[in-house]
Amino acid sequence: MATLVPLPLHSLLHQKPHLQTTNNHRLFRLSAQSRETIDPVSSVQYTPGVLDHVFLNLFRNKMAQEVGWDSEKPGYDGLIDVANRLMVARTNSETKDAAIAVSPVVVRALQNHICSCCSRKTCCCHGRVTALSCQWLMGTCIVNNVDLPDGSSLPSGVFVERCKYLEESKCVGICVNTCKLPTQEFFMDHMGVPLLMEPNFSDYSCQFKFGISPPEDDSTLKEPCLEVCPNATRRRTAATNTHEMKCPKA
């Protein structure tokens, strides 16, 4: 396992991701449901840079330490292997707790540093920081408007058109227990900001809604295994009714 040399926080804050402009001004097939683009990042194609590789390696190393095992595959493919091993070897609750424990330290520091200066629009600030700092994991993100429970609307959403983490893992359980639930809990418990994440398992998109609390009866937790899930073949063969088709790791 590679050893990472910690970088000073001030140097990380001043590094910018490499963005490659394109002639296509509509890279995102936004749905009609309040996905108005308000951030210029929507007109660029994201290309991972040096900082992205730092985040990826840091996250993967911490997850491998938690699991006690690392994949021989390089880069992102190895990260998916480790995430799958974490999910298979532990209960849903243990997987979620482990994912919170290995939350990227640098991302946490960025959120604390940048968002500490925000007041009324803290949710908007978290949305922008998330869109800028987490593309190494999810792919290109855009900031969009979210309708809040009080009837107001804020640019506190982050829309991921095609989440790389979900697309590569092809697993509802990995999405729910190593991303959605721990991320929601992290922002609420450590940042004091409610967050609802709405992954779409049909097109691999995901909508972040900062300022909105997750519902008690979250339909995402009732999703069946994906047809392409590498862990689902045996479960699907043994299933005798639709209730058993629910992903047991969600």
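1. The chain comprises 10 helices and 6 strands, and the reader should keep in mind from the outset that this is a predicted model. Of the 250 residues in the chain, 47% are buried.

2. Turning to the overall contacts and surface, residues 24 or more positions apart supply 59% of those contacts in the chain that have a separation of 6 or more. The exposed area of the chain comes to about 12,900 Å², and 53% of that area is supplied by carbon and sulfur atoms.

3. The aromatic side chains deserve a point of their own, as a search of the whole structure returns 5 aromatic pairs. One of them joins F186 and F187 in an edge-to-face arrangement, with 5.4 Å from centre to centre and 75 degrees between the planes; the pair earns that label because planes over 60 degrees apart count as edge-to-face. F186 and F187 are both buried, and ring pairs link these two residues with F208 and F210 into a cluster.

4. The packing of two helices can be described as follows. Helix α3 spans residues 75–89 and helix α9 spans residues 172–191, and their axes come within 10 Å of each other while crossing at roughly 85 degrees. The two helices α3 and α9 are therefore roughly perpendicular to each other, since crossing angles of 65 to 115 degrees are placed in that class. On the α3 side the contact is made by A83, N84, L86 and M87, and on the α9 side by G173, I174 and T178.

5. R85 is located in helix α3, and its surroundings merit a separate look. The charged end of R85 sits over the ring of W69, at 3.9 Å from the ring centre. When residues up to four places away in sequence are not counted, R85 touches V67 and W69. R85 and D70 are 15 residues apart in sequence, with 9.1 Å between their C-alpha atoms in space.

6. Is R85 buried or exposed, given the cut-offs used here? With a relative accessible area of 37%, R85 is partly exposed, because buried requires a value under 20% and exposed a value over 50%.

7. A further charge placed over a ring is found at Y76, where K164 lies over the face of the ring at 4.2 Å from the ring centre.

Key:
Residues numbered from 1 in each chain as written. Predicted model: local features only at pLDDT ≥ 70, side-chain atom pairs only at ≥ 80, totals over all residues. Heavy atoms only, no water. Helix = DSSP H or I, 4+ residues; strand = E, 2+ residues; numbered from the N terminus. Buried < 20%, exposed > 50% of the residue type's maximum accessible area, 1.4 Å probe, protein only. Contact = heavy atoms within 4.5 Å. Areas by Shrake-Rupley, 256 points an atom, 1.4 Å probe, with all protein chains shown as cover. Phe/Tyr/Trp six-rings, centres within 6.5 Å; stacked < 30°, edge-to-face > 60°. Lys NZ or Arg CZ within 6 Å of the ring centre and 35° of its normal. Axes fitted to C-alpha atoms, helices over the stretch in contact; angles between N-to-C directions. Parallel < 35°, antiparallel > 145°, perpendicular 65-115°, else oblique.
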